[in-house]
Amino acid sequence: MIERNARQTLEFLYLLARMELKARYKGRLLGYLTAVGLTFGVAFVFWIAFKVIMNLDMPNYSVFLVAGIFPWAWFNLSVVSATRSFVAHAPLVKEMGFAHAILPLSNVVQEMLHFLLSLPLVLAWIVFPGDSPPSVHWIWQIPLLVGLQLAFVYPLALGAALANAYLRDIEYWIGVFFVLLFFATPMVYPISRVPAPLADWFELNPVHALMECWRASLIEGRFDAPHAAYAAAFAAVCGVLVYALYRRFAPRVGEVV
Amino acid sequence: MTAAIRCKGLWKSYRARPEMPHARRWALRGIDLEVPRGRALGVIGPGGSGKTTLLSALLGAARPDRGMVAIDGRPASLLELGAGFQGHLSGRENVYLYGAAIGMTIAEVRSRMDRIAEFAEMEGSLDRPLRKYSAGMIARLRFAVILHSHADILFIDEVLTVGDARFQHKCHAALRDFKAKGGTLVLVSHDLAEIEELCDEAVCLDYGRVIDSGPAREVVTRYRGRIAGRGPRGIDVRISLLVPTRGRAELARRFLESVLARSDRPELVEVVLYVDEDDIKSHSLSLEGLDVRTIIGPRVSMGEYNSACFERSRGEIVILGNDDVVIQTRGWDRKLRELHAAMHDGVYLAYPNDLFKGRQLSAFPILSRRTCETLGEPFPRAYRGAFIDYHLLDIFKRLERRGHPRIVYLEDVVFEHMHYRTGKGDFDAVYGQRSRFGDDDTFIRLRNERSAAASRLLASIQGSPKEGSSSLRGDLLHTTLLDPELPGAWRLRLFLWFLARRGARRVL
């Protein structure tokens with residue numbers, strides 16, 4: 001098994017993330033704009049569906065959509081790609097030993113970097129209509145929320161990768177699961193539109209708490225402490241649980257992938 | 001002299017069947033080894049004897065059930081072809097990534113990049129995306145990175161057989177150099193000459209035990225004797241490659257050259273080409289040193305091409321090939337002969353790794369002559385262009401369902417398919433003229449023939465008179481999803497595949 005120190009781990013992470021982003025943007029401004037534009041495109045589709053077709057009565061709907069959908073994309077894409085990370089890199093996993101926990105982390109970090117790089121355009125989109133002025137509190141809120149989401153997503157990504165190594169079909173179901181979660185968070189309509197008994201259940205969804213934090217901060221410059229605390233608590237519990245599972249199951253990952 | 005690698009009482013098992021957690025197959029049964037620093041150990045033995053498991057256990061990639069492994073040094077391994085490499089990144093980026101994965105820092109990779117590129121002989125092409133590389137190039141690059149890492153213990157499994165003979169010599173020289181500097185090497189190979197050349201000691205495994213050990217030359221000599229003792233069938237059998245070609249003389253020549261270059265015993269390999277009458281350019285295809293027989297005839301169906309080639313062939317082992325194939329594995333013919341010898345009744349469907357469909361499909365089926373004769377019409381003439389691979393696989397899936405798994409995927413025998421869809425070949429008239437959905441109905445119609453063929457194979461394995469084949473209505477549902485003779489997964493796959501093709505046929 002290859003031993004490595006913290007510096008080598010960071011370097012490997014950096015290389016993986018940089019190269020994936022470079023491949024995604026094709027090393028050009030146009031590639032970057034296309035990658036960011038895709039997420040805007042998804043938001044636009046929902047805008048058409050809910051605002052134009054369903055006639056949803058909500059002011060600043062496009063701002064609501066965009067403020068949520070970019071953090072969501074970071075969350076969703078990183079867990080989905082991490083699910084395959086052990087299986088897709090099976091030979092590397094066999095050779096890396098315990099260090100393979102880096103692989104799902106690199107998926108999360110890649111999507112995080114993409115999120116950070118899209119952030120200027122997202123903020124411009126929110127500020128431009130004039131209803132949500134830029135906030136000085138962003139300076140501390142955004143880094144805090146990025147840290148929170150990183151701590152929130154990584155255990156899930158690692159857990160999904162581990163589960164998929166043992167039970168191969170997870171990678172097919174995870175897409176379906178995320179569609180369900182997308183509407184149960186909810187991402188495309190405010191929770192106030194959800195009928196009462198159901199809405200209480202939606203409030204229990206930790207992803208909802210995380211997304212509410214982002215919307216509160218990006219749209220209103222407000223720090224949503226209760227939701228942040230709930231998301232942080234979930235991240236902590238999930239982290240401990242996944243760590244225990246990882247300790248138990250990781251040694252055989254090289255054999256089952 | 002201190003030991004770089006030591007293991008004692010190593011036992012390792014795998015679950016024999018996923019649904020039965022207590023049924024275990026023992027891949028290693030009490031292995032003791034010691035490799036002193038600066039020495040090379042060869043590991044030989046028949047397929048499935050535990051060589052690769054031993055390597056994984058020494059590396060720490062597989063955890064043994066019992067016993068201990070102690071490694072004193074910095075190991076690195078070459079276990080699988082192209083492992084750890086990403087197709088969409090450039091060669092240079094892959095070198096960084098792979099180097100970092102095996103424990104080098106970025107600065108170290110950067111400072112050694114020139115030497116790595118030089119060794120791999122690809123200074124000019126490092127910035128192209130990896131998916132444009134041939135299998136040989138990837139293997140060269142990977143070997144070069146490993147060689148320039150800090151590793152002082154190398155584990156190598158069967159990967160040196162990719163690439164041309166000259167590069168292989170260079171690898172051997174580099175490995176000798178590595179050893180001279182105090183490096184330790186463990187080499188798994190079917191190439192006995194390679195073991196003799198590179199290794200000091202060798203162990204021979206069978207059924208997970210060390211059955212012989214000592215100086216490499218002696219172990220290899222005794223092992224050769226043991227293989228030869230299996231009878232005359234294993235050693236001198238002739239191989240026939242059946243290859244219809246049309247309008248692609250350059251590709252066909254490239255194929256012939258790869259056959260000659262990568263065969264251990266080209267004198268025991270023949271290629272039977274079928275060339276259309278009007279394809280004058282291909283009429284004179286030949287290659288010195290290779291037995292090429294050309295049939296010139298009218299333009300007919302794929303099944304007829306194959307059948308005509310089969311009738312002219314003499315080999316005990318018959319392979320259906322394509323002109324857009326390049327054989328990448330040195331000693332591929334020896335591996336097939338070994339397989340042929342191991343299958344005592346000669347009933348099997350083997351297929352090489354085409355680096356395209358891989359395990360998914362027997363794109364280039366390998367059959368014994370005996371199997372072909374039992375099948376009667378191994379390559380039905382009714383197939384105009386496609387589905388002969390599916391047809392054969394389907395017959396053997398039926399056999400598998402009746403308790404005789406005889407489908408053998410040869411991952412380490414690479415017949416690289418330069419199909420245009422892999423980006424390695426051009427889309428030319430041959431692909432364009434093909435009727436895409438012309439054979440779907442034929443495949444469904446021939447279901448009862450496949451059922452009967454499977455029964456004949458079964459009878460030939462059991463040596464008993466033919467037992468029941470069945471007759472079913474020939475529609476899509478009955479030949480796939482509802483066919484009780486097929487394994488469930490295969491039923492579902494066929495059904496969905498044909499359903500999708502029907503949809504596509506309607507749309508296109």
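Helix α11 (residues 332-342) of chain B lies across β10, β11, β13, β14, β15 (349-353), β16 (366-368) and β17 (407-417) of that chain and runs at about 170° to β17(B). Here contact between two residues requires that their C-beta atoms, placed from the backbone, lie within 7 Å, and axes are lines fitted to C-alpha atoms, for helices over the stretch in contact, with angles running from 0 to 180 degrees between N-to-C directions. The model is predicted, so that local features need pLDDT of at least 70 and side-chain atom pairs count only at pLDDT 80 or more, whereas totals for chains, interfaces and linings use all residues. Residues are numbered from 1 along each chain as its sequence is written, and chains are lettered from A and ligands numbered from 1 in the order in which they are written.

The strands beneath this heading belong to an open sheet of 8 strands in chain B, ordered β12-β11-β10-β13-β16-β15-β17-β14 with mixed pairing. Its edge strands, β12 (291-297) and β14 (325-327) of chain B, each pair on one side only, and the twist averages 35° from one strand to the next. Helices (H or I, at least four residues) and strands (E, at least two) are DSSP runs numbered from the N terminus, and two strands pair if DSSP finds at least two bridges between them. Within the sheet, β10 (residues 239-245) and β13 (residues 317-320) of chain B pair in the parallel sense over 4 bridges, B:Leu241 being partnered by B:Ile319.

Elsewhere in chain B, β8 (residues 201-206) and β9 (residues 209-215) pair in the antiparallel sense over 6 bridges, with B:Asp206 bridged to B:Arg209.
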